[in-house]
Amino acid sequence: MLPLMNNNVSSLLSNTLAMNNGGPSTSFEPNYEYDFPTWVKPSDRKLLQSSNPASGANAIVAQDGSGTHTTIASALASAKSGGGRYVIYVKAGTYNEYIDVKANNIFIRGDGIGKTVITGSKSYVGGSTTYGSSTMGVDGDGFMGQGFTVRNTAGPQKQQAVALRCSSDLSVFYQCSFEGYQDTLYVYSNRQFYQQCNIYGTVDFIFGNAAAVLQNCNIYARDPPNKTITLTAQARTDPNQNTGISIQNCRVMAASNLNGVKTYLGRPWRQYSRTVFLKTYLDGIVNPAGWLPWSGNFALNTLYYGEYMNTGPGSSTADRVKWKGYHVITSAAEAGKFTPGNFIAGGSWIPKTGVPCTLGL
């Protein structure tokens with residue numbers, strides 16, 4: 001991870017993100033089989049569940065010429081901000097292109113993880129900045145993504161190499177996969193929600209200064225070149241920023257090629273780094289200390305790292321770090337501050353997307 005450039009400083013979120021103590025809602029295990037809640041609008045539910053996604057699309061991307069466009073970039077070029085949601089259906093295939101979503105209210109829907117694949121290979125070692133290495137960048141607000149894989153194939157030796165970079169406020173990713181090594185998922189800024197997604201990586205591979213909630217996701221640690229894995233590197237620079245990474249009802253596991261490597265839940269990229277793991281399954285790959293310093297005593301007193309009711313062989317907090325900023329959360333009210341309903345004001349916008357969500361614990 002390199003320091004943020006001056007022109008890439010993450011923005012402060014508005015005071016509307018101030019956290020409240022919300023009542024808990026029903027807890028559930030991540031079995032990836034859901035009925036859509038009653039509050040989902042029928043039109044959105046139909047769009048998400050449709051067995052014929054082309055029927056509701058404004059643009060259809062197909063490499064064989066059977067759609068309206070042959071590249072995702074050209075389909076995006078036809079979209080403009082304003083009006084209703086612009087739906088781009090991307091048929092199965094491997095799309096070797098770099099995607100920048102600038103318009104608001106874009107919905108990109110693929111044929112499923114591993115079927116619709118967007119791939120690139122830019123990296124820091126290859127001459128890109130961390131910010132510029134992303135295979136897919138999303139800046140337009142209100143983005144929705146479903147059913148595709150975003151991949152950066154630069155490899156573990158190429159250092160920073162982002163698959164997805166997102167600064168879209170009120171953005172949702174549903175049943176997507178983000179695959180890379182160092183710096184896979186750059187949650188750059190604003191409010192973001194990830195449901196039933198896969199994230200693969202090695203070093204700091206969920207990082208940035210958004211207010212991001214990952215719910216019912218699979219987090220896979222890959223074999224790193226330096227034999228140390230850090231899942232997160234959150235970048236809050238000011239205690240008044242309502243940002244952080246909240247990982248709820250997820251599963252932290254080894255990828256198929258991982259063998260006996262120490263894995264840490266995170267390390268503080270910036271002074272007020274904030275990350276919590278709530279009711280998440282932690283495999284035995286997690287080091288008993290749990291968390292790793294960035295450099296010396298930097299940020300150990302000012303960060304906020306928390307764990308609440310996690311399970312699995314790596315979940316014991318008995319031998320965790322003794323930092324002032326580390327917390328074993330025992331209060332449901334405290335843990336509830338980091339749920340979608342409170343942390344990203346999710347009740348006012350996630351239901352409108354039609355994506356399943358538990359707003360509380």
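Of the 361 residues in the protein chain of this predicted model, 59% come out as buried. The chain exposes about 13,800 Å², with carbon and sulfur atoms supplying 47% of that area. On the secondary-structure side there are five helices and 26 strands. Contacts reach a long way along the sequence: among those between residues at least 6 apart, 68% join residues at least 24 apart.

Eight of the strands make up an open sheet with parallel pairing, in the order β3-β6-β9-β12-β15-β18-β21-β24. Its edges are β3 (93-96) and β24 (281-282), each of which pairs on one side only. Inside that order, β6 (residues 116-120) and β9 (residues 149-152) run parallel and are joined by four bridges. Here Val117 stands opposite Thr149 in β9.

Strand β2 (residues 86-90) is worth a look for Val90. With a relative accessible area of just 1%, Val90 is buried. Its C-alpha atom is separated by 6.0 Å from that of Ile60, 30 residues away along the chain. Setting aside neighbours within four places in sequence, Val90 is in contact with Val61, Ile72, Tyr95, Ile108, Arg109, Gly110, Asp111 and Thr116.

Now for the rings: the structure holds 15 aromatic pairs. One of them is Phe207 with Trp269, a tilted pair at 5.6 Å centre to centre and 55° between the planes. Phe207 belongs to strand β16 (residues 203-208) and Trp269 to the loop between β22 (262-264) and β23 (274-278), so this pair ties together parts that are 62 residues apart in sequence. Both of these residues, Phe207 and Trp269, are buried. Phe338 and Phe343 form another tilted pair, with 5.6 Å between centres and 55° between the planes. Phe338 is buried at 2% relative accessibility, and Phe343 is buried at 1%. Ring pairs also link Tyr131, Tyr186, Tyr188, Phe207 and Trp269 into a cluster.

Charged groups turn up over some rings too. Arg165 lies over the face of Tyr131, 4.0 Å from the ring centre, which puts this arginine over a member of the aromatic cluster. Over at Tyr181, the charged end of Arg222 sits above the ring, 4.5 Å from its centre.

Arg165 shows up again among the salt bridges, of which there are nine. Its partner is Asp100, and the closest N and O atoms are 3.8 Å apart. Asp100 lies in strand β4 (residues 99-101) and Arg165 in strand β10 (residues 164-166), so to speak distant parts of the chain, 65 residues apart. Asp100 is partly exposed at 41% relative accessibility, whereas Arg165 is buried at 4%. Both belong to a network of salt bridges that also takes in Lys102 and Asp139.

A second salt bridge runs between Arg320 and Glu307, with 2.7 Å between the closest N and O atoms. Arg320 sits in the loop between β25 (304-308) and β26 (326-328), while Glu307 is in strand β25, 13 residues away. Arg320 is buried at 3% relative accessibility, and Glu307 is buried at 3% as well. The bridge between Lys227 and Asp223 has its closest N and O atoms 3.3 Å apart. Lys227 counts as partly exposed at 47% relative accessible area, and Asp223 is partly exposed at 23%.

Methods
Residues numbered from 1 in each chain as written. Predicted model: local features only at pLDDT ≥ 70, side-chain atom pairs only at ≥ 80, totals over all residues. Heavy atoms only, no water. Phe/Tyr/Trp six-rings, centres within 6.5 Å; stacked < 30°, edge-to-face > 60°. Helix = DSSP H or I, 4+ residues; strand = E, 2+ residues; numbered from the N terminus. Buried < 20%, exposed > 50% of the residue type's maximum accessible area, 1.4 Å probe, protein only. Lys NZ or Arg CZ within 6 Å of the ring centre and 35° of its normal. Pairing = 2+ DSSP bridges. Contact = heavy atoms within 4.5 Å. Areas by Shrake-Rupley, 256 points an atom, 1.4 Å probe, with all protein chains shown as cover. Salt bridge = Lys/Arg side-chain N within 4 Å of Asp/Glu carboxyl O.
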